[in-house]
Each structure stands twice: as C-alpha cells, then as structure tokens.
Amino acid sequence: MVRRTSFVDPDHIRDRLVSLIRIPSVTGQEDAAIAEIANWLQRLDAEIDYWNAGIAALQRDPRYPGHEVERAWAPVVVGVLGGNQPGPTVLLTGHIDVVPPGDYTKWSHEPFSGITRGDRVYGCGATDMKSGLISAMAAFEALAEAGRNFPGRILFAAAPAEEDSGLGTLAAIRGGWNADACIVPEPTVRDGVPELVIAHAGAMSLKVEIPGQVRARQPAPTGRERARPLLDRLPGHARTSAASTRPRTIR
Ligand SMILES: [Zn+2]
C-alpha cells in the first residue's frame, strides 16, 4: 500500500504558504487568494466548485451572521474527492481572510513578505490561518494523488469573511456543501498549549446604535466604554466574549 504521507512534501507546503501570505487577503479583499487556491485545486483530479456571488441572498438568510467589513461579494472554492466506497463526507475547511496588519512600524518585516527564518514562516495571517488552510489542502492533495482508496467523500473548502462574521462559511453551506464531519485547523491554544477542541461556539456581528449626548472629555471614551452599560446587561458568556474581542468601532 502506498503511504499517503509520501505525497506530503514539506518544502512544497512551505512554498505554498509563502505564496499565499504574499497575497494580502484582508477581510473584504479575498478574491485573489481564493482564485489562487482554485488555480491550485484545478491541477488535481478533483471536482471543483468555485463561485463569487453577491451577498444579498445571504443577508436575507435566517442564519445570516452579520458582517462588519463592507463587501458585495463572497468568493468560495470547494474541492471534492470521491472515494471508491460509500461512506461519510468529511470536510477540511478554513478561512482565507486575515486581520489588517495594523501599524507597519511594529512589524520587523513587511507583513505580506512571508519571510522564512529557520523553520518558521512569518507574515500577516501565517498562523491565523493560512498555515492551517495550506496544511488541510496538503492533506486533500495527498488523498487526491494517492488514489481513491477511502470510503465516502473528502471536501476541502476555502472561505472568506471569518474575521468579521462567518459569512463565507454560510455561503459555502448555502452553495450546497455540507458534511458529516468537519475539521477546521484554526489555531487554538489554551494556556500556551495547542489544543484540539471538538466544537466551538458561534458568533454574531451586531451593529448597535446607542443614542446619547456628546460631552467634553479627554481622552474621548472608547467604543467599549460607551457600550459598557449594554455589555453589562448581556448574559455571562456573551459578556465575556464581547469583552474579549478586539476593539471595534461601536457607534
Ligand atoms: Zn482564524
């Protein structure tokens, strides 16, 4: 039997990761990175579903999670491998979008350079989560190239809009892609130790308008300070989640 790990080339995975980091895919600007992944998948003997639809229908969806970054489109690509026996469908998936790099002067290297130091690759989104996405894709490729001697189907999906909502994953689901099990190689660490978790809470993005009067104050109150009365009224877990999110503009 051919070992599937023999189809996994660490240099190839690193090169792919560097290439992907060099495509800035800040939330709302994922088209080029999704197109590149579609390009890579098209070289495999796999079914590809690649679309870039407007989000109007998603905004009417009862599961619409909201979004923060203005966008008109949500590009998604899905690769499909059918095994040679009936069985469950397993989905490998991750998000392509990254948070904005922020203040460039705080970076020791250009954030979208994908520079390599020793056995580490640095860049905006390297950890969260282009490395995981490329690893999942490598597994998908290995299964594609090692023959179809497995039951069921393997899906690989790259989605946009995770950092501000999860809208991209909803787009993939509404595109008809569901699975019996799903593996998301999102970096998860507890107390400094990488951790495998079996489920995760969902999230929603809300736009809340709080009326009030402007009063002179130095420095100006942050959005969180303004929202404190509202946050204090949330249930315990929601309050914790809201308080732990990165600062957002709350108008
Ligand atoms: Zn992530």
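**Sheet, core and backbone geometry of the predicted model**

Strand 3 (residues 85–95) and strand 7 are paired in the parallel sense through 3 bridges. Within this pairing, L92 has I183 of strand 7 as its bridge partner. The structure described here is a predicted model.

The pairing of strands 3 and 7 belongs to an open sheet of 5 strands, ordered 1-2-6-3-7 and mixed in its pairing. At the edges stand strand 1 (47–54) and strand 7 (181–183); each has a single partner strand, so one side of each is left without a neighbour in the sheet. From one strand to the next, the twist averages 20°. Strand 6 (151–159) takes part in two further pairings. Strand 3 and strand 6 run parallel and are joined by 8 bridges, with T93 standing opposite A157 in strand 6. Strand 2 and strand 6, by contrast, run antiparallel and are joined by 6 bridges; here V77 stands opposite A158 in strand 6.

Two helices that pack against these strands were characterised by their contacts and directions. Helix 2 (residues 31–41) lies across strand 1, strand 2 (73–82) and strand 6, and runs at about 15° to strand 2. Helix 5 also packs on the sheet, where it touches strand 1, strand 2, strand 3 and strand 6. The direction of helix 5 makes about 50° with that of strand 2.

The largest nonpolar core comprises 40 residues. The residues with the most contacts inside this core are I34, V76, V77, F140, A157, A158 and A171. Two or more core residues are given by each of helix 1 (10–21), helix 2, strand 2, strand 3, helix 4, strand 6 and helix 5. Helix 4 supplies the largest share, 9 residues. When residues up to four places away in sequence are not counted, F140 touches G79, L81, L92, I154 and F156. Among these contacts of F140 is L92, the residue whose bridge partner in strand 7 is I183. V77 and A158, which stand opposite each other across strands 2 and 6, are both among the core residues with the most contacts.

Several backbone features were also examined. Most residues other than glycine have a negative phi, and most peptide bonds are trans. In this model, a cis peptide bond joins D128 and M129, with omega at about -5°. M129 lies in helix 4, which spans residues 126–145.

Positive phi values occur at A161 and D191. A161, although not a glycine, has a positive phi of about 60°, and is located in the loop between strand 6 and helix 5 (167–174). A161 counts as buried because 29 C-beta neighbours lie inside 10 Å, where the threshold for burial is 20 or more. D191, likewise a residue other than glycine, has a positive phi near 50°. D191 lies in the loop between strand 8 (189–190) and strand 9 (193–194). D191 is exposed, because 5 other C-beta atoms lie within 10 Å and the limit for exposure is 12 or fewer.

At the level of the whole chain, the protein is divided into domain 1 (4–194) and domain 2 (206–251). The C-alpha centres of domain 1 and domain 2 are 32 Å apart.

How values were computed
Residues numbered from 1 in each chain as written. Predicted model: local features only at pLDDT ≥ 70, side-chain atom pairs only at ≥ 80, totals over all residues. Helix = DSSP H or I, 4+ residues; strand = E, 2+ residues; numbered from the N terminus. Domains from an automatic or database assignment. Pairing = 2+ DSSP bridges. Axes fitted to C-alpha atoms, helices over the stretch in contact; angles between N-to-C directions. Contact = placed C-beta atoms within 7 Å. Core = buried A, V, L, I, M, F, W, Y, C linked by C-beta atoms within 7 Å.
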